[in-house]
Amino acid sequence: MKELANKKITLIIILVVTILLLYYLFNFWSDGLYAKFNSNVGLELFYSFQDFVPNFLILGLLSTCLVAESFYQNKQSRFQNCIIARVGYKERVKYEVKNIVITSFIIRLLFNIFVLLIIHMFFSNVTFKEYSDASYYASGVVELFTNSKLSLLFYIIYSSIGFSIFSLFIYSISYFIKNQHVFKISGIVLFIGLTVLSAIIGNQLYIYFSDIKFANPILQALTTSSLMVPAMMGFTSITSLFETHIYFWYTCLCFIIYSAIFLSIRYKMERKNG
């Protein structure tokens, strides 16, 4: 009961903070004149919020405190050991992985819808005005498709998939994190840490090379932002919408492989320890 109450409190805090951040963004860059003559202001506010650093903290917190934490608490309990002894380690892990992936996808999907509804109801209508010239759009609006409606739809789907894979990655390393407080912030640390690492490597490569397309596979294999906020942040030399889609799925595959490796190591350690 205490765990459920803590999750409810955490969720309420996150939603309130999200509304305050949206209010701050709206007042920061969208004055009355801009809102009057730009019919896509609600949509632009949505995308501005996506690559806003405090949103990274929210997503990192969601991946641990609302998704993977219950399994982290179970891993050291006698109840968990009894379940594993009864159904087997592999079956238990399959159940937990399925639960993590589905729960994470739903949470991120609902969070995206919540942000859109708050923007539409309280700040600016979310409308779709199409332009023949993509340069008329603000950053983020047509990052996945030249059609703003399709781009938003695929962003919501892709970000939900990416978030579920990131949560799976957090779950896979939970066995190796002994301190619960460290685990609570592991989502934030890994999300921002790997994003910053990719940015540093990409910026250093730009110093020595005019084109860093050769490094795309390496950078995309590290860039957690490609999972959490797909197409919103570019530390690699991606030059087309097609490449954006390909590298999103490539990053997903990389983090699934990382998760499988950590789960395999955990399985061997569990067997060794009896």
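The following numbered points comment on a predicted model of a single chain.

1. Overall make-up. The chain contains 11 helices and 0 strands. Read from the N terminus, its elements therefore run α-α-α-α-α-α-α-α-α-α-α, with a helix at every position.

2. Burial and contacts. The chain has 274 residues, and 47% of them count as buried. Among the contacts with a separation of 6 or more, 77% are made by residues 24 or more positions apart.

3. Surface. About 14,300 Å² of the chain is exposed, and 68% of this area is supplied by carbon and sulfur atoms. On this surface, I102, I106, L110, I113, L117, M121 and F122 make a nonpolar patch of about 700 Å². One member of the patch, L110, lies in helix 6, which covers residues 89-123. Its relative accessibility is 51%, and L110 counts as exposed because the cut-off for that class is over 50%. A general rule is useful when reading the numbers of such a patch: an α-helix has 3.6 residues a turn, so residues three or four places apart point the same way.

4. Helix 3. Is this helix enclosed or open? Helix 3, residues 41-50, has 9 of its 10 residues buried, so it is largely enclosed by the rest of the structure. The buried residues are V41, G42, L43, E44, L45, F46, Y47, F49 and Q50. The student should note that this list includes E44 and Q50 as well as V41 and L43.

5. N112. This residue is also in helix 6, but N112 is buried, with a relative accessible area of 0%, whereas L110 counts as exposed. What does the side chain of N112 meet? A polar contact of 2.9 Å joins it to the side chain of R108. Leaving aside residues up to four places away in sequence, N112 touches F46, Q50, Y155, I156, S159 and S160. Two of these, F46 and Q50, are among the buried residues of helix 3, and N112 thus provides a link between the points made above on helix 3 and helix 6.

6. Cysteines. How many disulfides are found in the whole structure? The search finds 0. C252 is in no disulfide, and the nearest cysteine sulfur, in C254, is 9.3 Å away. Seen from C254, the closest cysteine sulfur is that of C252, and the 9.3 Å between them is too far for a bond, because a disulfide requires the two sulfur atoms to be within 2.5 Å. Both residues are buried: C252 has a relative accessible area of 2%, and C254 has a relative accessibility of 10%.

Conventions: Residues are numbered from 1 along each chain as its sequence is written. This is a predicted model: local features need pLDDT of at least 70, side-chain atom pairs count only at pLDDT 80 or more; totals for chains, interfaces and linings use all residues. Side-chain values use heavy atoms; hydrogens and water are left out. Helices (H or I, at least four residues) and strands (E, at least two) are DSSP runs, numbered from the N terminus. Buried means under 20% relative accessible area, exposed over 50%, partly exposed in between (1.4 Å probe, protein chains only). Contact means heavy atoms within 4.5 Å. Accessible areas come from the Shrake-Rupley method with a 1.4 Å probe; for residues, only the protein chains shown count as cover. Patches are made of residues with over 30% relative accessible area and no salt bridge: like charges are joined within 9 Å, nonpolar side chains (Val, Leu, Ile, Met, Phe, Trp, Tyr) within 5 Å. A salt bridge is a side-chain nitrogen of Lys or Arg within 4 Å of a carboxyl oxygen of Asp or Glu. A polar contact is a pair of N or O atoms within 3.5 Å; within protein, one must be able to donate a hydrogen and the other to accept it, and residues adjacent in sequence count only if both atoms are side-chain atoms.
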